[in-house]
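Reader: I am new to this structure and should be grateful for a close look at a single part of the model. Please take that part step by step and connect it to its surroundings.

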Amino acid sequence: MALGILEGAKIGCRKISTLTIIVVLSLLTWIIESMMFYLGFLVFGINQSFYAALFVLGVVNLGILIPNSPGNIGVFQYFTLLALSVFGISTSQAAAYSIVLHICQYVPVTVIGCFFLSKYGFRSFEEIKKL
């Protein structure tokens, strides 16, 4: 796994334009995901700042790095509750927030993945480019 990460980094660092695109897309992804966490705050009446949403996002993403259940079910909720407890959010409100947020993340990605799996099956990227 570590060799794969290093190989990917080597590919991304060959050209400054490629590295720039990778960094910009990564930042855009983090901003979009943190906005979802923040919008969840607004929906559930959690009166916290955007920085709190970034904190919760960071804790949850670090937490789900630990090998766990498929779809991170349970672990996502645990680390969301843990992060929100720092801000004094009640367990019931944090649990509802974590379940809805997890569904909002999990379902679209799974549906899109199933669509492409049914369309292309298990093929390498090189085989797909030839189609």
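**A helical residue and its surroundings**

Author: In this predicted model, asparagine 61 lies in helix 3, which spans residues 50–63. The relative accessible area of asparagine 61 is 18%, and because buried means under 20%, this residue counts as buried. Leaving aside residues up to four places away in sequence, asparagine 61 is in contact with Trp30 and Glu33.

Glu33 also takes part in a contact between two helices. Helix 2 (residues 16–43) packs against helix 5 (residues 91–120) at an angle of about 145 degrees, and their axes are 10 Å apart. The crossing of these two helices is right-handed. From helix 2, the contact draws on Glu33, Met36, Phe37, Gly40 and Phe41; from helix 5, it draws on Tyr97, Leu101, Cys104 and Gln105. Sorted by class, the residues in the contact of helix 2 with helix 5 are six nonpolar, two polar and one charged.

Cys104, one of the helix 5 residues in that contact, has a relative accessibility of 43%. Because the partly exposed class runs between 20% and 50%, cysteine 104 is counted as partly exposed. Cysteine 114 has a relative accessible area of 47% and is likewise partly exposed. A disulfide is a covalent bond that joins the sulfur atoms of two cysteines. With the rule that the paired sulfur atoms lie within 2.5 Å, the count of disulfides in this model is zero.

Conventions
Residues are numbered from 1 along each chain as its sequence is written. This is a predicted model: local features need pLDDT of at least 70, side-chain atom pairs count only at pLDDT 80 or more; totals for chains, interfaces and linings use all residues. Side-chain values use heavy atoms; hydrogens and water are left out. Helices (H or I, at least four residues) and strands (E, at least two) are DSSP runs, numbered from the N terminus. Buried means under 20% relative accessible area, exposed over 50%, partly exposed in between (1.4 Å probe, protein chains only). Contact means heavy atoms within 4.5 Å. Axes are lines fitted to C-alpha atoms, for helices over the stretch in contact, and angles run from 0 to 180 degrees between N-to-C directions. A crossing is left-handed if the near helix is turned anticlockwise from the far one by less than a right angle, and right-handed if clockwise. Ala, Val, Leu, Ile, Met, Phe, Trp, Tyr, Cys and Pro count as nonpolar, Asp, Glu, Lys and Arg as charged, and the others, Gly among them, as polar.
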